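Trainee: I would like to learn how to read pockets, cavities and helix faces in a model. Can we work through one case?

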Amino acid sequence: VWTDFVSADPTIPRPTPMPVLEPDEHGRVHGGGLTFPVLPEDLWRPASPYLDADDETGQEMVVAASGRGPYVACVFLAALPERFDYTGPSDLERTGTAFTEELIKAFYPHEHPRSRDVMTDDIDGRPAWRTEVALDIDDQYLSFTNEYVLVALVDVVDGDGQPSAGVAYASLPEVDAVPSVADVLGQLGVA
């Protein structure tokens, strides 16, 4: 007779719980010393970590189905991973460039970067560096052909007074309900 007493297969990883956004009293989420508003919850959902970074929070929206699975737009905030050895504001461009190169290689193997704008400025009064990468999308299953990737590094000071950088990463296909790069930058703040 078969028993009703069974145990889980130890070789199958346990499902990870769906992440939960924890907005503050102003409807903003925080990560890596940065802050951004919660996007419309009827379209956007909390996202599992993408960046392998500390203090990461993200939101994503499925914009289409492609031959490779769901195609998402996303906005993430996180602390710059320690492997980039950030030393302070004069290091924003070097670390930002290295972070962006790693991100493009990991997440956009099928897309084609056509241009990149790099700027040094400030965000919410703190030294910052950002890049906007325009991508050509060549996927027969998708109705759009353009996407913009925004990476912004902002100099923040950690709790010990040491140099630290917060990262904002946004993947923004040109479809309805997805904000533009200017919209994301206009709402990004320092916590």
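Trainee: Which strand gives the most to the lining of the second largest pocket?

Mentor: This is a predicted model. Strand E9 gives the most there, with three residues. The lining includes Pro163, Ser164 and Ala165, along with Asp52, Asp54, Glu82 and Asp85. By class, seven lining residues are nonpolar, one is polar and four are charged. The volume of this second largest pocket is about 230 Å³.

Trainee: What lines the largest pocket?

Mentor: The largest pocket holds about 320 Å³ of space. It has 18 lining residues, and Pro70, Tyr71, Val72, Phe107 and Glu111 are the closest to its centre. E5, H1 and E9 each supply at least two lining residues, and E5 gives the most, with five. The lining divides into 10 nonpolar, four polar and four charged residues.

Trainee: How is enclosed space found, and how many cavities of 30 Å³ or more are there?

Mentor: Rolling a probe the size of a water molecule over the atoms shows where empty space is left. Here the count is one cavity of 30 Å³ or more. Among its lining residues are Leu21, Val29, Phe36 and Phe76. Strands E4 and E5 each supply at least two of the lining residues. No charged residue is in the lining, which has six nonpolar and three polar residues.

Trainee: Which residues of H1 are buried, and where do they lie on the helix?

Mentor: Leu92, Thr95, Gly96, Phe99, Thr100, Leu103 and Ile104 are buried. Seen down the axis of H1, they fall within an arc of 160°, so they line one face of the helix. They pack against strands E6, E7, E8 and E9.

Note on methods:
Residues are numbered from 1 along each chain as its sequence is written. This is a predicted model: local features need pLDDT of at least 70, side-chain atom pairs count only at pLDDT 80 or more; totals for chains, interfaces and linings use all residues. Side-chain values use heavy atoms; hydrogens and water are left out. On a 1 Å grid over the protein atoms alone, a cavity is a set of points where a 1.4 Å probe fits but cannot get out, and a pocket is an open set with protein on both sides within 12 Å along at least five of seven lines; lining residues have an atom within 4 Å of a point. Grid points are joined across faces, edges and corners, and a volume is the space filled by probe spheres set on the points. Helices (H or I, at least four residues) and strands (E, at least two) are DSSP runs, numbered from the N terminus. Ala, Val, Leu, Ile, Met, Phe, Trp, Tyr, Cys and Pro count as nonpolar, Asp, Glu, Lys and Arg as charged, and the others, Gly among them, as polar. Buried means under 20% relative accessible area, exposed over 50%, partly exposed in between (1.4 Å probe, protein chains only). The arc is that of the directions from the helix axis to the C-beta atoms. Contact means heavy atoms within 4.5 Å.
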